[in-house]
Amino acid sequence: MKRSTFAILMGILLSGCGAAKTLTTAGNTPILAAIDLIHVEEDKVLVSMDPGAFTVDEVLFYIPKTVPGTYSTDNYGKYIEDFKAYDYEGKLLPVSKTDENTWSISQGKNLNKIAYYVNDTYDTETEVEEAVFSPAGTNIAKDENFMLNLHGFVGYFKGLKEVPYELTISAPAELKATTSLIQKPDDDDNTTDVFLADRYFDIIDNPILYAKSEIASFKVNDIVVNLSVYSPNGVYTAESLKASMEKMMGAQKAFLGEIDGTKEYNILLYLSTLDGTDATGFGALEHHTSTVVVLPEQLPREALEEAMIDVVSHEFFHIVTPLNVHSEEIQYFDFNDPKMSQHLWMYEGTTEYFANLFQIQQGLINKTEFYERLMAKINNARGYNDSLSFTEMSRNILVEPYKANYANVYEKGALINMALDITLRELSHGEKGVLWLMKELSKKYGKGTPFDDSTLIDEIVAMTYPEVRTFFDTHVIGNTPIDYGTFLSKAGLTTTIKEERSSYFLDGDVPFIDVDQTAGNAIFIRNGIELNSFLTTFGAKGGDVIKQINGTEITLETIRPIIGQSFGWTPDTEITMVLKRGEEEVTLEGKVGTPTLNVETIVPVEEVDEQQGELQEAWLKG
């Protein structure tokens with residue numbers, strides 16, 4: 001019955017494609033792609049593509065293995081089913097799947113159309129060993145919402161990545177589309193949208209959210225920002241989040257000054273229910289003129305707005321790099337055999353650094369809060385291999401052991417930029433910093449002009465000072481860890497240790513526990529971070545898997561209420577905790593006590609001299 005339904009529907013959609021079609025050289029006309037979001041069958045949607053006529057016998061069709069900004073191998077082809085190729089008479093052509101993301105079509109000169117079904121990724125995130133990061137993933141919820149990261153739906157033909165696309169999407173009339181894709185003028189058909197793209201990259205660079213939601217818009221200088229929110233239970237609306245986003249992005253634009261990468265920017269916020277078949281990878285993915293954000297709907301308003309400020313500010317700063325300043329590896333990205341750039345220290349590190357620096361420079365946070373953020377990054381970076389060359393890691397980020405250190409681009413990557421910023425400010429007597437450097441690189445390059453990956457650091461040194469060469473050779477190309485205290489001292493800062501109260505399982509927003517999605521969502525105690533007195537006194541260690549607390553089997557679902565209950569524990573509360581340590585099971589019992597944590601903090605030195613004070617002022621005020 002399932003196959004019959006699919007076959008009948010496919011036959012209907014492909015009818016009328018006869019031999020009367022005029023043969024042209026492949027590439028002379030736009031590739032016509034269509035996605036049907038109305039006739040959804042078993043959580044799958046039908047995609048069809050008409051590439052024009054081919055002059056070769058074998059045609060290769062690809063769905064991306066990796067997409068820009070993810071730095072992971074995701075193999076979107078594994079979500080494709082029932083791939084078929086048709087000739088001009090509607091007959092099937094021979095097709096073979098040569099790898100997880102590639103289909104070879106025989107008798108290519110007779111190829112008229114291809115069609116296939118697409119599964120979404122959100123449903124399987126808890127089932128697969130390496131799930132697609134939710135902001136780069138896809139969701140299909142019939143008549144409710146569709147998260148269309150188009151690299152999961154639309155592919156490309158060999159040799160035709162630079163050909164224009166015309167994408168037709170049939171969708172329920174009550175669902176609104178939010179995207180930066182250029183849309184054809186409305187033809188009064190409220191169930192069909194037609195989008196245009198100059199090349200395949202523009203298709204995958206412009207996600208679309210179809211949802212029952214109002215869109216809130218505001219202007220930041222001359223940039224129009226559209227915020228679309230999918231909140232399944234109606235907890236949040238775009239209008240309710242507009243004010244905090246407008247304030248934050250206004251501050252970002254003031255920080256960036258004349259750097260301007262777009263006239264329109266779209267924020268696509270998807271709020272997950274966490275119901276087991278919904279998104280579980282929280283964060284965002286950047287695009288040239290938009291970002292996809294995925295967060296849990298259960299977050300309290302203050303926490304949601306804080307998370308939005310953190311992730312959206314990071315993604316918006318990507319309009320500087322890599323979206324404006326980038327290498328040939330990104331400009332001519334190979335979706336199925338990617339060659340990675342060595343400059344993650346800039347693409348993600350500079351961006352993350354700016355996402356924090358602008359907040360202190362624009363008065364959104366104070367010095368103490370900024371120092372706390374830097375200290376958190378220093379502590380988090382200690383959990384990774386600090387002796388890896390950052391450029392070597394970046395070039396090889398898709399494979400181990402480098403892959404396991406990817407998240408350090410947001411920690412040490414930002415700290416590399418902090419140290420570089422202080423160095424530039426010192427050498428230029430406060431006049432130049434990393435923001436100045438990015439402005440200069442933006443003037444030289446831009447969206448359509450990539451740099452040579454191997455010469456960027458040479459260019460930066462030529463633009464700045466010989467000492468910058470030493471810094472890069474030692475700490476970015478080289479594998480010598482950075483002594484952050486040395487750089488902080490230049491700005492009149494030092495570090496000290498003090499004891500602070502914490503929660504039992506959290507230090508503010510930073511958890512002492514985490515979820516291992518590769519081991520059935522096991523809850524474990526984090527490695528490489530300072531644990532509080534509750535855990536250390538009990539005898540728990542980093543890496544221990546929590547099996548039971550007071551007889552309750554610990555899962556992702558059961559740990560949440562226990563964390564909630566822990567806020568009501570007193571020092572005399574007694575608990576029993578069962579841990580798995582390697583192959584051994586360990587039972588710990590006792591009173592929970594008062595949880596404290598020895599915290600390293602950044603503070604001003606006792607006597608700041610004039611040079612240190614001026615450098616600090618230039619660094620923190622811009």
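**Backbone quirks and nonpolar cores**

Right after helix α9, H429 adopts a positive phi of about 55°. This is a predicted model, and H429 is a good place to start looking around it. The residue is not a glycine, yet its phi is still positive. H429 sits in the loop that runs between α9 and α10 (434–444). Is H429 buried or exposed? With 74% relative accessibility, it counts as exposed, because exposed here means over 50%.

The helix just before it looks rather unlike that. Of the 16 residues in α9, 14 are buried, leaving the helix mostly covered. As for its geometry, α9 reaches 22 Å from its first C-alpha to its last, which is close to the 22 Å expected at 1.5 Å a residue.

A second non-glycine residue with a positive phi turns up elsewhere. N221 also has a phi of about 55°, and it lies in the loop between strands β16 (215–220) and β17 (223–230). Its relative accessibility is 59%, so N221 counts as exposed.

The backbone also has some cis peptide bonds to point out. One of them runs from T321 to P322, with omega near 10°. P322 belongs to the loop between α4 (301–317) and α5 (328–331). Another cis bond joins E400 and P401, and here omega is about 5°. P401 is found in the loop between α8 (390–395) and α9 (412–427), so the loops on either side of α9 hold P401 and H429.

Turning to the interior, nonpolar side chains tend to be buried together in soluble globular proteins. Which residues touch the most other members of the largest nonpolar core? In this core of 152 residues, they are M49 and W619. Helix α6 (residues 344–361) supplies the largest share of the core, with 10 residues. Apart from this there is a second, separate core of 27 residues, with F512, L531, L556 and L588 among them.

W619 is worth a closer look. Leaving aside residues up to four places away in sequence, W619 touches Y353, L357, Q361, F370, L374, M418, D421, I422, R425, L488, A491 and L493. Y353, L357 and Q361 in that list fall within the range of α6, residues 344–361. M418, D421, I422 and R425 are also touched by W619, and their numbers fall within α9 (412–427). W619 thus leads back to α9, the mostly covered helix that comes just before the positive phi of H429.

Notes: Residues are numbered from 1 along each chain as its sequence is written. This is a predicted model: local features need pLDDT of at least 70, side-chain atom pairs count only at pLDDT 80 or more; totals for chains, interfaces and linings use all residues. Side-chain values use heavy atoms; hydrogens and water are left out. Helices (H or I, at least four residues) and strands (E, at least two) are DSSP runs, numbered from the N terminus. Buried means under 20% relative accessible area, exposed over 50%, partly exposed in between (1.4 Å probe, protein chains only). A nonpolar core is a set of buried Ala, Val, Leu, Ile, Met, Phe, Trp, Tyr and Cys residues joined through side-chain atoms within 4.5 Å. Contact means heavy atoms within 4.5 Å. The expected span of a helix is 1.5 Å times one less than its number of residues.
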